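This report is meant for a reader who is meeting the structure for the first time. Please look over the sequence and the model below before reading on.

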Amino acid sequence: MRTPTSMESTLLSVRLKAQIARIGPISVERYMDVCLADATAGYYPSKQPIGAAGDFITAPEVSQLFGELLGLWAYAVWQSMGSPHPVVLAELGPGRGTLMADALRALRRLPGFMDTVHVALVETSQPLRRAQEEALAGSGVEISWHDTIETVPAGPLIALANEFIDALPIRQLIWRDGEWRERCIRIAANGGFEFCDGPTLPVESLRRNAELQQLPDGSILEVRPAANAVVAALAAKAEVAPLAALIVDYGHEATECGDTLQAISRHKFVDPLEAPGAVDLTAHVDFGALKDAVRGAGLAAYGPKLQRALLLELGLEARLERLCRDATPEQREALLAGAERLVDPAAMGVLFKALAITSNDLPAPPAFENSA
């Protein structure tokens with residue numbers, strides 16, 4: 001696995017600096033997009049980032065309970081749709097395929113679903129696609145891979161997305177001298193990168209601008225156009241067939257100011273401007289803005305709900321007890337530790353939240369009956 005001082009990162013830095021020298025400072029959104037998605041040196045197209053040997057660990061890697069419970073959620077939603085045949089089970093950003101493998105294992109014990117499901121994985125990273133193919137080998141279901149949601153097969157759709165939205169590029173807007181400006185990145189005096197104020201932005205382009213104009217000078221507001229594009233793609237699918245989606249990610253329930261752009265390498269936080277393409281870049285999800293976008297697109301939105309509450313209401317304790325009953329002492333210890341990490345308020349239980357999305361003619365999905 002490459003390190004943050006790799007040749008590819010150095011070459012990407014050179015290309016970014018050449019672009020800045022040619023056209024001037026670039027937006028945070030542009031920087032994040034290039035660092036994560038560049039075809040030859042971007043983080044996701046060229047790395048295998050997940051797991052103990054990678055840069056970060058996601059909930060499915062922490063415990064099999066996560067994927068199993070989301071699989072059971074998908075089954076209940078399928079039933080609420082009238083058990084359509086066929087049905088597409090999609091995952092956006094499926095990592096190493098662990099969540100889907102665990103979900104299908106749980107679904108295999110339930111009647112009907114496995115006979116009708118087509119699995120669609122929305123993934124652009126070739127290294128991760130290979131890992132997903134290996135994880136799902138022998139699953140017994142038809143699987144297809146897609147670069148975008150738009151090419152996922154038509155028909156009734158159930159979509160899962162864990163830690164997908166946080167990796168989509170953000171814009172950072174900075175409140176300076178009574179007006180909003182684009183936050184940008186330029187070449188620093190020492191030859192590296194640094195943040196700077198960019199062009200003034202029109203007031204009309206900012207949501208909730210009236211609420212935010214009393215902020216202290218230098219306040220930062222983050223917006224995520226790419227998340228709105230995801231919502232629009234889901235809404236287009238919902239126009240022709242029933243749809244339900246479950247988005248789980250870390251972030252805040254309501255729009256608030258703050259700089260949440262962060263970089264992780266080898267499970268430690270690092271400077272997001274230090275090694276373009278060699279470190280993971282993410283930012284907190286604004287669930288308030290995401291929910292507004294969902295409703296604005298004509299879909300029903302439920303939540304956000306704390307991950308802790310979601311998993312407990314989906315039956316984590318009962319499933320954990322059953323697994324522990326047949327486990328060795330070592331397996332039992334690992335199961336208990338993983339489950340605790342998923343729901344512990346000091347770990348993933350509160351920072352991570354879930355937003356459910358459905359077609360308007362579907363009932364509230366499991367665990368969200370009172371979360372409209």
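The sections that follow describe a pair of packed helices and then a selection of salt bridges.

## The model

The structure is a predicted model, and the descriptions below should be read with that in mind.

## Helix 10 and helix 11

Two packed helices are described by the angle between their axes and by the distance between the axes. Helix 10, which covers residues 225-238, and helix 11, which covers residues 287-296, pack at an angle of about 35°, and their axes lie 9 Å apart. The crossing in which helix 10 passes helix 11 is right-handed.

On the side of helix 10 the contact is made by Ala227, Asn228 and Val231, while helix 11 contributes Leu290, Ala293 and Val294. Sorted by character, the residues of this contact comprise five nonpolar and one polar, with no charged residue among them.

## Salt bridges that involve strand 7

A search of the whole structure finds 13 salt bridges, and two that involve strand 7 are described here. In one of them, glutamate 182 pairs with arginine 171, with 2.6 Å between the closest N and O atoms. Glutamate 182 belongs to strand 7 (residues 179-187) and arginine 171 to strand 6 (residues 171-176), so that the pair, eleven residues apart, links distant parts of the chain. Glutamate 182 counts as buried because its relative accessibility is 9%, which is under the 20% limit for that class.

In the other, the side chains of arginine 183 and aspartate 259 meet at 3.2 Å, N to O. Arginine 183 is also placed in strand 7, whereas aspartate 259 sits in the loop between strand 10 (243-252) and strand 11 (262-265), and the two residues are 76 residues apart. The partners fall into separate accessibility classes: arginine 183 counts as buried because its relative accessibility is 12%, while aspartate 259, with a relative accessible area of 41%, is partly exposed.

## Lysine 305, glutamate 313 and a network

Lysine 305 forms a salt bridge with glutamate 313, and here the closest N and O atoms are 3.1 Å apart. Lysine 305 has a relative accessible area of 13% and is therefore buried, whereas glutamate 313, with a relative accessible area of 49%, is partly exposed, given that a residue must be over 50% to count as exposed.

Salt bridges can also be followed through a group of residues in this model, since Glu68, Asp102, Arg105 and Arg319 are linked in a network of them.

Note on methods: Residues numbered from 1 in each chain as written. Predicted model: local features only at pLDDT ≥ 70, side-chain atom pairs only at ≥ 80, totals over all residues. Heavy atoms only, no water. Axes fitted to C-alpha atoms, helices over the stretch in contact; angles between N-to-C directions. Helix = DSSP H or I, 4+ residues; strand = E, 2+ residues; numbered from the N terminus. Left-handed = near helix turned anticlockwise from the far one by under 90°. Contact = heavy atoms within 4.5 Å. Nonpolar A, V, L, I, M, F, W, Y, C, P; charged D, E, K, R; others polar. Salt bridge = Lys/Arg side-chain N within 4 Å of Asp/Glu carboxyl O. Buried < 20%, exposed > 50% of the residue type's maximum accessible area, 1.4 Å probe, protein only.
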